[in-house]
Amino acid sequence: MNYEDYFRRQLDGLRREGRYRVFADLERKVGAFPKAVHYSPAGQREVSVWCSNDYLGMGQHPKVLAAMHEALDRAGAGAGGTRNIAGTNHYHVLLEQELADLHNKEAALLFNSGYVSNWTTLSTLASRMPGCVILSDELNHASMIEGMKHSRCETRVFRHNDVADLRQKLSDLELHAPKLIAFESVYSMDGDIAPIADICDVADEHHAMTYLDEVHAVGLYGPRGGGISDQEGLSGRLTVIEGTLAKAFGVIGGYITGSGTICDFVRSFASGFIFSSALPPAIAAGALTSIRHLKSSSYERERHQDRVATLRRRLNEAGVSHLDNPSHIVPVMVRDPVLCKQISDVLLDRYGIYVQPINYPTVARGSERLRITPSPHHSDEDIEALVGALSEIWAKMGLAQAA
């Protein structure tokens, strides 16, 4: 077999389908978010970034940067090992305490990413409960799905945000058999929000554990940034709340929060935790400072929601259709992979606006989109530039205008 030829043909297939992914070579500019320098064969150029998951710009906040500099000088670059073998730095301990408090839980446990925290925790919890059945929302993130697969437990997929279907999927299971309902709060592609209270009611009826992924909500919702469960006063009803430090908190890493027993169980049995080197102390210090700031400051969240509302209003006025949802994610639907990539390229090359095209397998075929994420730092001028560019592209390409 010609291995190189096989791999090349597979890549050529992605290109033909318009699904081949090209990385934008960007250098973020501290103090100028959302501006960045784009490096391309044509040279360097300043662009405005409209698709970052650093939702609040905390990755460049002066307090966060100062904390990381201080920790780097105090503790050095790396953690020096796994958490079990010399890698637990005091910053990790403080951060886990802060995360537990954020979600009103007894304990928290850090991981190297949100992907790892989902995969590791779901696979560990389910696989170590004999006969466990997982109930999974059909739009759960790939990291959650991988964890469920790795558990080798029976998994029943219920229709997205459909509580009646969830109840039906649970109806023939023995009441006291182990069950785990896994779902997200804010779904990152469509931006819709789960009926958390209703799912908790069903879980109570059927004696099921609940596992809520809040990665696209922590920092952004709730009086202290604890997510949708915090905003709705439901944190105490959930067995496990999982989150990330890489989005609204602006750094990197993932975590779970729950009872002291559950976090200790995962810490003690999860290979994805046991055999991974710990986060660098400076990363933990930056996340700790970001969380503390957002617990006490509502300015970023209020400004963020204002920018989202302003962008939605201007898109409506310009006739550029987008999915209506209650969150901060603004999906402009294109529904064609090749066209979606073309629009993204034109925005970047002609207008200096970077919005990455979102294609299959991230979203279903035929639902390709530009996923726009406003931040508190996008000005009115930035919004007008984006809407103006999209309006011109829509007109030149003959795309349908919103009614």
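1. Let's start with Asp-54, a good residue to find first in this predicted model. Its relative accessibility is 6%, and because buried means under 20%, Asp-54 counts as buried. You will find Asp-54 in the loop between strand S3 (43-49) and helix H2 (62-75). Leaving aside residues up to four places away in sequence, Asp-54 touches Arg-28, Phe-33, Gly-59, Gln-60, Lys-247 and Gly-250.

2. One of those neighbours, Phe-33, leads to another feature to look at. The peptide bond from Phe-33 to Pro-34 is cis, with omega near 15 degrees. Pro-34 sits in the loop between strand S1 (25-28) and strand S2 (35-40). A cis peptide bond also joins Tyr-360 and Pro-361, where omega is about 10 degrees. Pro-361 belongs to the loop between strand S13 (357-358) and strand S14 (369-372).

3. Now turn to helix H6 (residues 142-151). Which residues of H6 are buried? They are Ser-143, Met-144, Gly-147, Met-148 and Ser-151. These residues cover an arc of only 140 degrees around the axis, so they lie on the same side of H6. A general rule helps here: an α-helix has 3.6 residues a turn, so residues three or four places apart point the same way. On the other side of H6, Lys-149 and His-150 are exposed. Just after H6 comes Arg-152, which has a positive phi, near 60 degrees.

4. What do the buried residues of H6 pack against? Their partners are helix H5 (114-127) and four strands: S5 (133-137), S6 (154-158), S7 (179-184) and S8 (209-213). Take H5 as an example. H5 and H6 pack at an angle of about 30 degrees, and their axes are 7 Å apart. That angle makes H5 roughly parallel to H6, and H5 passes H6 in a right-handed crossing. By class, the contact of H5 with H6 has seven nonpolar, eight polar and one charged residues.

5. Helix H4 (residues 90-102) and helix H12 (residues 281-296) form another pair, packing at an angle of about 30 degrees with their axes 9 Å apart. H4 is therefore roughly parallel to H12. Is the crossing left-handed or right-handed? H4 passes H12 in a left-handed crossing. The residues that meet include Leu-94, Leu-95 and Leu-99 in H4, and Ala-284, Leu-288 and Ile-291 in H12. The contact of H4 with H12 divides into eleven nonpolar, one polar and four charged residues.

6. Helix H13 (residues 299-318) and helix H15 (residues 380-397) are also worth a look. Their axes come within 10 Å and cross at roughly 30 degrees, so H13 and H15 are roughly parallel to each other. H13 passes H15 in a right-handed crossing. Among the residues making the contact are Arg-307, Leu-311 and Arg-314 of H13, and Asp-380, Glu-384 and Leu-390 of H15. By class, this contact has seven nonpolar, two polar and four charged residues.

7. Finally, check two asparagines. Phi of Asn-104 is near 55 degrees, a positive value in a residue other than glycine. Asn-104 is in the loop between H4 and strand S4 (107-111). Because exposed means over 50%, Asn-104, at 52% relative accessibility, counts as exposed. Asn-161 has a positive phi too, near 55 degrees, and lies in the loop between S6 and helix H7 (163-170).

Technical notes: Residues numbered from 1 in each chain as written. Predicted model: local features only at pLDDT ≥ 70, side-chain atom pairs only at ≥ 80, totals over all residues. Heavy atoms only, no water. Buried < 20%, exposed > 50% of the residue type's maximum accessible area, 1.4 Å probe, protein only. Arc of directions from axis to C-beta. Contact = heavy atoms within 4.5 Å. Axes fitted to C-alpha atoms, helices over the stretch in contact; angles between N-to-C directions. Parallel < 35°, antiparallel > 145°, perpendicular 65-115°, else oblique. Left-handed = near helix turned anticlockwise from the far one by under 90°. Nonpolar A, V, L, I, M, F, W, Y, C, P; charged D, E, K, R; others polar.
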